[in-house]
Amino acid sequence: MLASRMIGLLPPLTDHEALETAVVQSVSHAGMNPETWSQRPFHAPHHTASAVALVGGGQPPGPGEISLAHNGVLFLDELPEFNRAVLESLREPLESGTIRISRAGHQAEFPARFQLIAAMNPCPCGHAGNPSGNCRCTPDQIHRYRNRLSGPLLDRIDMHVELPPISYDELAIDQPPTETSQQVAIRVATTQQRQIARGNKLNAHLGTREIELHCQTETAGQQLLATAVDKLGLSARAYHRILKLARTIADLDNQSTIAERHLAEAIGFRVLDRHRH
Ligand SMILES: [Zn+2]
């Protein structure tokens with residue numbers, strides 16, 4: 001439910017984005033649906049989805065879910081249940097924003113710049129860490145379950161967030177929202193405009209050179225980052241992604257330089273890196 005709400009927090013599609021999304025739809029199996037014109041796509045394929053359905057293919061090659069989610073959100077529920085080879089094929093598009101498909105005699109390239117949101121249980125039964133103590137999974141079972149996600153795939157997921165179980169009482173109490181979706185959407189739009197004014201693109205799409213240019217950090221922040229890289233054994237890719245995320249947190253805070261607290265928050269989102277070591 002939370003993942004599907006993400007669309008409402010993002011700015012409306014630009015005309016260019018709306019056209020790109022419509023073009024991908026028009027060459028897909030289902031064709032273009034005029035009713036969805038200018039709507040940010042949200043796609044949530046089931047974990048039994050084949051590689052062709054997810055990343056594209058066929059004869060002649062057509063776009064898969066990752067391309068149909070271009071400029072929108074791709075939600076993968078129960079991430080470890082997906083076929084491992086299918087998950088690994090997400091690595092290229094998560095890095096480049098495009099997918100190249102080669103089949104005998106046919107080659108095709110489709111755009112695939114999507115916001116990936118994925119969900120998983122803490123263990124096969126879903127109860128690990130729950131104070132009720134109902135989890136009967138062995139440490140070995142939990143380890144194997146989490147290891148279905150490769151290090152290189154996790155590297156490309158910027159934020160890992162643990163959601164503790166909610167009690168019935170918490171669900172039942174009707175609390176007024178502290179902030180409406182509309183207010184958050186305005187903050188997101190303002191932050192994105194700030195990023196485009198500075199780097200001519202969103203922080204998520206900055207290359208290595210651009211990161212050096214735009215992601216300057218305070219000295220204390222550099223030390224914190226160096227410690228985190230050592231302790232968590234982070235890859236160069238994870239390091240760059242933490243810098244970009246810290247840049248975005250600083251942008252939300254309207255700060256021109258990345259402060260130590262911004263980096264600390266960005267590092268705090270690498271929960272699954274901590275579990276791996
Ligand atoms: Zn369990």
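Start by selecting helix α13, residues 236-252: its 17 residues reach 25 Å from the first C-alpha to the last, close to the 24 Å expected at 1.5 Å a residue. That expected span is 1.5 Å times one less than the number of residues in the helix. Helices (H or I, at least four residues) and strands (E, at least two) are DSSP runs here, numbered from the N terminus.

Before you click on, two ground rules. You're looking at a predicted model, where local features need pLDDT of at least 70 and side-chain atom pairs count only at pLDDT 80 or more, while totals for chains, interfaces and linings use all residues. Residues are numbered from 1 along each chain as its sequence is written.

**Stay on α13**

Twelve of the 17 residues of α13 are buried, so the helix is largely enclosed by the rest of the structure. "Buried" means that 20 or more other C-beta atoms lie within 10 Å of a residue's own; 12 or fewer makes it exposed, and anything in between is partly exposed, with C-beta atoms placed from the backbone. To see some of them, colour the buried residues of α13, including A238, I242, L245 and I249. Charged-looking names turn up too: R241, K244, R247 and D251 are also among the buried ones. Just after the helix, click N254, which takes a positive phi of about 60°.

**Next, C215**

Select C215, in the loop between α11 (208-214) and α12 (219-232). Is C215 buried or exposed? It is buried, with 22 other C-beta atoms within 10 Å. Now show what C215 touches: L243, K244, R247 and I258, leaving out residues up to four places away in sequence. Touching, or being in contact, means that the C-beta atoms of two residues, placed from the backbone, lie within 7 Å. Try a distance label as well: the C-alpha atoms of C215 and L245 are separated by 9.6 Å, though the two residues are 30 apart along the chain.

**Then T191**

T191 is in helix α10. With 19 C-beta neighbours inside 10 Å, T191 counts as partly exposed. Which residues does T191 contact, leaving aside neighbours within four places in sequence? They are T248, D251 and L252. T191 and T248 are 57 residues apart along the chain, with their C-alpha atoms separated by 7.7 Å.

**Over to the largest nonpolar core**

A nonpolar core is a set of buried Ala, Val, Leu, Ile, Met, Phe, Trp, Tyr and Cys residues joined through C-beta atoms within 7 Å. In the largest one, with 19 residues, select I66, A69, V73, L74, I99, A112 and F114, which touch the most other members. The elements α3 (51-55), α4 (65-68), β4, α5 (84-88) and β5 (98-103) each supply at least two residues of this core. The largest share, four residues, comes from β4. In soluble globular proteins, nonpolar side chains tend to be buried together.

Zoom in on A112, whose contacts beyond four places in sequence are I66, S67, H70, P93, G97, T98 and I99. Apart from this core lies another, of 15 residues, with C215, A238, I242 and I258 among them.

**Three backbone oddities**

Most residues other than glycine have a negative phi, and most peptide bonds are trans. Now look for the exceptions:

- Q59 to P60: this peptide bond is cis, with omega near -5°. P60 is in the loop between β2 (56-57) and β3 (62-63).
- E78: phi is near 55°, a positive value. E78 sits in the loop between β4 and α5, and with 13 C-beta neighbours inside 10 Å it counts as partly exposed.
- N200: phi is near 65°, also positive. Find N200 in the loop between α10 (181-199) and α11; with 10 C-beta neighbours inside 10 Å, N200 counts as exposed.

**Zoom out**

Colour the chain by domain: domain 1 is 2-172 and domain 2 is 181-276, with bounds from an automatic or database domain assignment. Their centres, taken over C-alpha atoms, are 22 Å apart. How many residues of domain 1 are in contact with domain 2? There are 14, and they meet 18 residues of domain 2.

Finally, colour by pLDDT, the predictor's confidence in each residue, from 0 to 100. The chain averages 91, and 99% of the residues score at least 70. Among the elements, strand β4 (residues 73-76) has the highest mean, 98, and helix α15 (residues 271-276) the lowest, 69. Where pLDDT is low, the predicted coordinates should not be read in detail.
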